[in-house]
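Thanks for coming. I will go from the whole chain down to a single residue, and I will keep it brief.

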Amino acid sequence: MGNKLSGKDLIKLGFPKNNSINIALGQINRYRKREKKESILTEAKEVLLHPEKFEGHGTWGKVAEGLINPVHVRMHQLKTNRVPFTIFGENEIDEQAKFQLYDSLKLPISVAGALMPDAHSGYGLPIGGVLATDNAVIPYGVGVDIGCRMSLSIFDLPASHFKGKEHQLQAVLKDNTKFGMNETHATKADHEVFYKSEFQDIPLLKNLLPKAYKQLGSSGGGNHFVEFGIAKIDNPENEWKLGVGEYFAVLSHSGSRGLGANIAKHYTYLATKQCPLPKNVQHLAWLDLNTHDGQEYWLAMNLAGEYAKACHDDIHRRLAKAIGKRVVVTIENHHNFAWKEMVNGQECIVHRKGATPAAAGQLGIIPGSMTAPGYIVKGKGNAESLNSASHGAGRLFSRAKCKATFTQSEIKKVLQANDVTLIGGNIDEAPMAYKDITKVMGNQTDLVEVLGTFTPKIVRMDR
């Protein structure tokens with residue numbers, strides 16, 4: 001019979017003839033196939049006798065759940081009525097994005113929703129969609145690039161630091177940033193995030209650790225960037241040690257790289273298996289947080305968020321070292337994430353897919369495009385937006401539409417007119433691809449207070 005474990009071996013041990021056998025085989029084949037059959041059978045016997053000891057265990061937790069309290073898989077239907085919601089800047093948002101929100105508002109787990117003024121359609125939740133749910137997390141409500149975030153570092157250097165240093169600063173950006181699937185830093189950095197227990201306890205994450213280590217301090221493709229620019233502070237916070245004025249600054253936009261993408265793929269697959277939904281809303285499949293997979297995704301998602309922050313910290317550390325100056329103020333915020341927050345007196349899971357947290361007093365940065373200013377903001381804690389704001393200007397043209405509409409020479413003209421130098425960047429990220437950020441900001445005056453702006457000068461993107 002060889003060394004391969006089979007369902008018969010588990011039935012012989014006394015496993016019930018139900019889904020727990022399939023789950024066990026799936027976990028073993030995925031994560032333990034190099035181990036001896038005897039040792040796995042010894043462990044399996046222990047799980048069968050004392051499943052409660054293995055709740056939350058990386059390999060056996062799901063099997064234990066199957067023995068104690070199996071996940072009940074059944075077809076879910078949408079409700080006929082939508083839960084309460086608010087749309088900000090309704091006239092600027094395409095119909096498809098609204099319909100995607102409307103579908104999500106009919107899920108049996110939904111509590112409340114909102115749509116930000118930069119919204120456009122996506123997979124599952126629309127980009128700019130905010131959804132509060134009851135004890136359930138939707139992997140596609142978080143998105144593929146988990147914990148994608150903005151980070152702004154302001155230096156105690158005047159804006160005039162650019163004068164006569166353009167070529168030098170371009171070289172600093174080229175030498176100290178890495179983009180896309182293949183570029184990584186020659187000198188790797190260590191970080192405390194790699195020592196988090198989740199990297200050891202969850203088999204999927206253990207397998208992804210080498211990739212995460214390799215990609216630390218790098219940025220993705222698409223709309224991810226690192227740019228030097230001018231931070232104009234109109235309304236400083238007391239703790240900033242900066243007065244009103246214009247300063248040299250760095251802004252980055254990137255997420256959790258291959259780590260987040262693999263987490264999203266794995267748990268989206270599990271959600272669609274455990275939570276069958278009508279075909280048109282299958283992307284909104286959720287994981288119950290009382291289940292093994294729901295708990296595991298929650299831990300993995302939070303780890304991916306910490307890793308995304310670590311990537312930004314490393315990018316900014318490298319640039320500050322190359323410039324030879326210290327950062328005075330850092331402003332940063334996630335989008336593509338889920339948080340446990342109170343909504344109308346009830347603890348909910350609040351998904352923000354391409355939306356910025358904007359609780360009262362919370363600082364954030366909302367970028368425009370490579371030729372438009374970004375805004376340094378403070379949240380107003382608006383309950384109707386579920387304490388959220390837009391995460392940028394939002395796309396006006398899809399990537400495919402950009403390629404069909406714009407040319408490189410048109411992009412060059414726009415860059416020159418705005419005195420912006422671009423390193424890398426594709427047609428699908430043309431400045432003209434984005435909505436007018438001033439209009440978007442005008443549609444969210446109830447959500448955030450503007451403290452200042454960031455204007456890009458030297459932009460680095462993937463090629």
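Buried residues account for 56% of the 463 residues in the chain. Please keep in mind that this is a predicted model.

Overall dimensions next. The radius of gyration is 24 Å, which agrees with the value near 23 Å for a compact globule of 463 residues. Along the principal axes, the C-alpha trace spans about 75 × 55 × 45 Å. The chain contains 14 helices and 17 strands. If we take contacts between residues at least 6 apart in sequence, 76% of them join residues at least 24 apart.

Now the surface and the charges. The accessible surface is about 20,500 Å², and carbon and sulfur atoms hold 50% of that. There are 56 positive and 47 negative side chains, with the centres of the two sets 7 Å apart.

Moving to one element: helix 5 runs over residues 95–104. Its buried residues are Ala97, Lys98, Gln100, Leu101, Tyr102 and Ser104. What covers them includes strand 1 (85–87), strand 2 (110–120) and strand 3 (127–133).

Strand 3 is also where we find Thr133. Is Thr133 buried or exposed? Its relative accessibility is 0%, so Thr133 counts as buried; the cut-off is under 20%. Leaving out residues up to four places away in sequence, Thr133 touches Ile109, Ser110, Val111, Ile138, Cys348, Ile349 and His351. There is also a polar contact: the Thr133 side chain reaches the backbone oxygen of Ala136 at 2.6 Å.

That is where I stop.

Technical notes
Residues are numbered from 1 along each chain as its sequence is written. This is a predicted model: local features need pLDDT of at least 70, side-chain atom pairs count only at pLDDT 80 or more; totals for chains, interfaces and linings use all residues. Side-chain values use heavy atoms; hydrogens and water are left out. Buried means under 20% relative accessible area, exposed over 50%, partly exposed in between (1.4 Å probe, protein chains only). Helices (H or I, at least four residues) and strands (E, at least two) are DSSP runs, numbered from the N terminus. Contact means heavy atoms within 4.5 Å. A polar contact is a pair of N or O atoms within 3.5 Å; within protein, one must be able to donate a hydrogen and the other to accept it, and residues adjacent in sequence count only if both atoms are side-chain atoms. The radius of gyration is taken over C-alpha atoms; the globule rule is 2.2 Å times the number of residues to the power 0.38. Accessible areas come from the Shrake-Rupley method with a 1.4 Å probe; for residues, only the protein chains shown count as cover. Lys and Arg count as positive and Asp and Glu as negative; His and the chain ends are not counted. The place of a charge is taken as NZ of Lys, CZ of Arg, CG of Asp or CD of Glu.
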